[in-house]
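Work through the exercises below with the model open. Each one is followed by a worked solution.

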Amino acid sequence: MKTDVVVLGAGPAGLTAAHSLLRAGKKVALIEKAPMMGGQMRAVTRGDYYVDFGYKHLYNRIPEVHAFWTELLGADYIKYQPRTGILYQNKILEKEKEYKGLRRGLPYRLLATALADLLRYRLLYRNRPITNMEEYAHARRGKLLTEIFTQGYDERVKGRKWSQLPLPESKDTNPSTANQSGFLRQFLTDASLRRDPQSEWSHPMRGTGQIVDTLERDIRTMGAEIHLQSEAKSLIPTNEKVTGVRVQTPVGEVHYEADHVISSLPIAAIARALDIPLAPAKAELSFRRSVIMVYLFLSRPVGIPYNTIQVSDPDSPMGRLTNYEAYGGAMVPNGKGCLCVEFFCMEDSVLFSQSDEALYDLAYNGCSHAGITAVANCTDWCVYRNKGVDPATSYEDFVTDPSRASVYNQLQSYINLYQIGRTGIDRATHTGLLAAEAIINGDRLAYELRTRPDLFAPWRM
């Protein structure tokens, strides 16, 4: 079969690329392994509930993406005010100072301990070389405050110790001696290592699944060839191009000849399809990172103002909580509530051997201990196990894992193959838009310059 473009993967990147290509008159074949479209952007439905798959936070930092979503959803792309809590020692603190001032809800005793800790680490690193991210952060803010507001949660999500990360780009090569005057204010103001500067936030009225539904409707209307529950078994290279894709569908194998191939598959999957060997470094974790999500459907509102709560408490097994009613919109029926409790782990974690009932108890008890009493009104629940989920990999993997970086560079040598998987819905969407634009305009170089996964740009905040 002949087509202009084969798109592998119907997540946010693949759907966006297919949508843009079809609008430009290209013939597209869309291949998705799952029985439904959307990937990590799909919806979780339960009766009248229609909520996000885990935690979703749509940035407007990339203008093309914000414009795309605004055009796609119209009035259903509604504004909301985000608010993030930090769970530490069974107390919810504020991520930002806007709500409870510079102290952010820290108990005075814990504040005093953190201040003493800051002084200790300022002295400790005054004349000591700083070699990694952990030392940099501790020298600047002290160990305790860093662990409460950033490090504890970040390491839990990514599974990577800050001591293994390189120094951040900074003109401040000795943060322990910087700004000695007024350091208490800096100590409290600078608690969050990466703050979100945008002033307005938007979210689909019915969650990110609404983006999927709209894209899928348009893609089907524009005549794409769609294969669900199908998998690309191999890609056929010829010189500098991928000229064919063998697809296993529920009814048999299909062979596509294509001018271009766009892939949002994890880099390991696309490497296998091209017989490129990939042996991830020991420090590379994306292949083994996993998440378990427990949804609690409540007969009453959750009653807290936070969209999300990041867990940095070392004694809690939870990683993050998402409160969908705090987004406004129509994800949660009026007068009811819904929480998603996420547990971040490796694919060989004992959590995966736990029964659904045991995981529910773990989520329920964790919320209760954190003072979220609304879980007593739980009337239904469900569990999603995402084992070995590689969310398109984070940029750090391309810095710390030479094997992954090498495979990416080999993939780039195929001039009609676009590897568009990226971490974050906005980045994935952006890369899908740019890949489609490059094919439509015949300008691959512009795509390559703007989408390298080992760089922050153009997404630096």
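**Exercise 1: A pair of strands**

Task: In this predicted model, in which sense do strand S15 and strand S16 pair, and over how many bridges?

Solution: Find S15 at residues 320-323 and S16 at residues 337-346. The two strands pair in the antiparallel sense, over four bridges. One position to look at is Asn323, which stands opposite Leu339 in S16.

**Exercise 2: The sheet**

Task: What is the order of the strands in the open sheet of seven strands, and which are the edge strands?

Solution: Step one is the order, which reads S7-S6-S14-S15-S16-S13-S17, with mixed pairing. Step two is the edges: strand S7 (91-94) and strand S17 (378-386) each pair on one side only. Step three is the turn: neighbouring strands of this sheet are turned by 20° against each other on average, direction ignored.

**Exercise 3: A helix across strands**

Task: Which strands does helix H6 lie across?

Solution: Locate H6 at residues 143-158. The helix lies across S6 (84-88), S7, S13 (289-298), S14 (308-311), S15 and S16. Against S6, H6 runs at about 95°.

**Exercise 4: Two loop residues**

Task: Is Asn90 partly exposed or buried, and is Asp275 exposed or buried?

Solution: Begin with Asn90, found in the loop between S6 and S7. Asn90 is not a glycine, yet its phi is positive, about 60°. Its relative accessibility is 43%, so Asn90 counts as partly exposed.

Next, Asp275 sits in the loop between helix H9 (267-273) and S13. Its phi is also positive, near 60°, in a residue other than glycine. The cut-off for exposed is over 50%; Asp275 has a relative accessible area of 70%, so Asp275 is exposed.

Conventions: Residues numbered from 1 in each chain as written. Predicted model: local features only at pLDDT ≥ 70, side-chain atom pairs only at ≥ 80, totals over all residues. Heavy atoms only, no water. Pairing = 2+ DSSP bridges. Axes fitted to C-alpha atoms, helices over the stretch in contact; angles between N-to-C directions. Contact = heavy atoms within 4.5 Å. Buried < 20%, exposed > 50% of the residue type's maximum accessible area, 1.4 Å probe, protein only.
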